[in-house]
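Trainee: Could we take one part of this model and go through it slowly? I'd like a close look at a buried spot and whatever surrounds it.

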Amino acid sequence: MRILLLGSGGREHAFAWKLSQSLLCEALFIAPGNPGTAIHGINVSIGLHDFDKLRDFVLEQEIDMVVCGPEEPLVNGLQDYFANTASLRAVLFVGPSQEGAKLEGSKAYAKAFMEEQGVPTAAYREFGIDQMEEGLRYLDTCELPVVLKADGLAAGKGVLILDSIREAKAEFRAMLDGKFGQASETVVIEEFLSGIEFSVFVWTDGKDYKILPVAKDYKRIGEGDTGLNTGGMGSISHPPFVDEVMMKKVETRIVQPTIEGLQERGIDYRGIIFIGLISVDEEPFVIEYNCRMGDPETQSVLPRLKSDLVALCRATANGTLAEMDIEIDNRAAATVIVVAGGYPEAYEKGHPISGLEEVTGSLLFHAGTKATDAGVVTNGGRVLAVTSLSDNFRDALELSLENAAKIRFKDAYFRRDIGLIVVTT
């Protein structure tokens, strides 16, 4: 198969690495890709918002299948564009329709969906710009802490946890007044749940589903899980607190009702449902849905997938997922993210990176990097991911840490306690 993979982050490098291993992969293109994806295929300079250029490339290169890594093109209707363009209808597409992607693109939509399907989640109310006073009164009835969520995509910054009603009211006003642009034209006020978070990845062809390895990521910048939230400082798979009993609850109470809800609504969903969960007194609740794989969880999950990823993608897109057998590596995976100094706030780009060739025994995934005539330089906050596998989780982490220390650029930083602490919220 001739495959076009969309995206440019660490998640997409992990996808490119795994897709390129398949005997079914005749050619792999990545738009726009990064220096890491270029190791496994051909990067093409096409923006993910330029649907017409993507169409032209797919037709010119006789692409058989498109795999969409990030959420934004899906929320903007890329799958629908392919489905509604006559010349593209024969191209397999891994990713949901725009209606399906609303599970991530609209917090209010997702909460209503969960409520209708009986999926366990935190209690909530939603308020639009013309309901500001009603929302302020509602906040007076809320227990602390309280959670405010921008309804739309806000680059990972649209969720606030507030410890005072006064502060919550100020932030609520600011959000409805445009703090996150159009994303916060509607705000969800949600009950705070305290527990341990984890991530479940469901692949579905709209009828059947397969569950990939479970993961847990670590968001805080500082060791001991302190400081500001980030896009993710590392991940582990399989988190030891998620046992068979918990997964049975997740499957029967959450996964199955979610798939049934999509079917009942006639939603075209052939792709990934990333379910962000929290275990509260050993009972699972959904925090959020995403319409793609997570980052950095993908860098821990895909190395544990022994099955052919191209075959999995093809079965997901063409409706034959029931015929797939998923084989999982029983070893533990530990991923450590090396970030730029100052991240997640202001950070510099363009610093030379050295030591990449010194990494041995681990997988190295590029995220915020750029190729220049002088070599690879930093080009983002989360720069590189180091993933190791071992029968013993601590051995996997130790190897990832050892190799992360070999990567050198100005003010490089990484956490050393990924997976070693129990994080509760």
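Mentor: Let's start from one lysine and work outwards to the cavities, sheets and cores.

Keep in mind that this is a predicted model. Our lysine is Lys 149, which sits in strand 7, residues 146–150. Is Lys 149 buried or exposed? Its relative accessibility is 5%, and since anything under 20% is called buried, Lys 149 counts as buried.

So who surrounds it? Setting aside neighbours within four places in sequence, Lys 149 touches Lys 107, Gly 158, Val 159, Met 175, Thr 186, Val 187, Val 188, Glu 190 and Ile 287. Now look at the strand pairing around there. Strand 7 pairs with strand 9 in the antiparallel sense, over five bridges. Ala 150 has Val 187 of strand 9 opposite it. Strand 9, residues 186–191, also pairs with strand 6, residues 124–128, again antiparallel and over five bridges. In that pairing, Arg 125 has Ile 189 as its bridge partner.

Lys 149 also faces some empty space. The model has three cavities of 30 Å³ or more, and the largest has a volume of about 50 Å³. Lys 149 is one of the residues lining this largest cavity, together with Leu 103, Lys 107, Ala 110, Lys 111, Met 114, Glu 190, Ile 287, Glu 288 and Tyr 289. Some of those names should ring a bell: Lys 107, Glu 190 and Ile 287 were among the contacts of Lys 149. Which elements supply at least two residues each to this lining? They are helix 6 (107–117) and strand 17 (283–290), with helix 6 giving the largest share, four residues. Sorted by class, the lining has five nonpolar residues, five charged ones and no polar ones.

Put the second largest cavity beside that. Its space comes to about 40 Å³, and its lining is Gly 10, Asp 295, Gln 299, Ile 337, Phe 365, Ala 367, Arg 382 and Ala 385. Here the classes are four nonpolar, two polar and two charged.

Now for the nonpolar packing elsewhere in the model. Nonpolar side chains tend to be buried together in soluble globular proteins. Here the largest nonpolar core has 62 residues, and the members touching the most others are Phe 15, Met 65, Trp 203, Leu 309 and Ile 407. Helix 11, residues 309–318, gives this core its largest share, seven residues. Another core, of 51 residues, lies apart from it and has Leu 4, Ile 63, Leu 74 and Met 247 among its members.

Helix 11 deserves a pause. It is mostly covered, with eight of its 10 residues buried: Leu 309, Val 310, Ala 311, Leu 312, Cys 313, Ala 315, Thr 316 and Ala 317. What do they pack against? Their partners are strand 1, helix 1 (10–19), strand 4, strand 5, strand 10 (196–204) and strand 16 (271–280).

Strands 1, 4 and 5 bring us to a second set of pairings. They belong to an open sheet of five strands, in the order 3-2-1-4-5, with parallel pairing. Strand 3 (42–43) and strand 5 (92–94) are the edges, each pairing on one side only. Within this sheet, strand 1 (residues 2–7) and strand 4 (residues 65–68) run parallel and are joined by four bridges. For one of the pairs, look at Leu 5, whose bridge partner in strand 4 is Val 67.

Terms used
Residues numbered from 1 in each chain as written. Predicted model: local features only at pLDDT ≥ 70, side-chain atom pairs only at ≥ 80, totals over all residues. Heavy atoms only, no water. Buried < 20%, exposed > 50% of the residue type's maximum accessible area, 1.4 Å probe, protein only. Contact = heavy atoms within 4.5 Å. 1 Å grid on protein atoms, 1.4 Å probe; cavity = no way out; pocket = protein on both sides within 12 Å on 5 of 7 lines; lining within 4 Å. Points joined across faces, edges and corners; volume = space filled by probe spheres on them. Nonpolar A, V, L, I, M, F, W, Y, C, P; charged D, E, K, R; others polar. Core = buried A, V, L, I, M, F, W, Y, C linked by side-chain atoms within 4.5 Å. Pairing = 2+ DSSP bridges.
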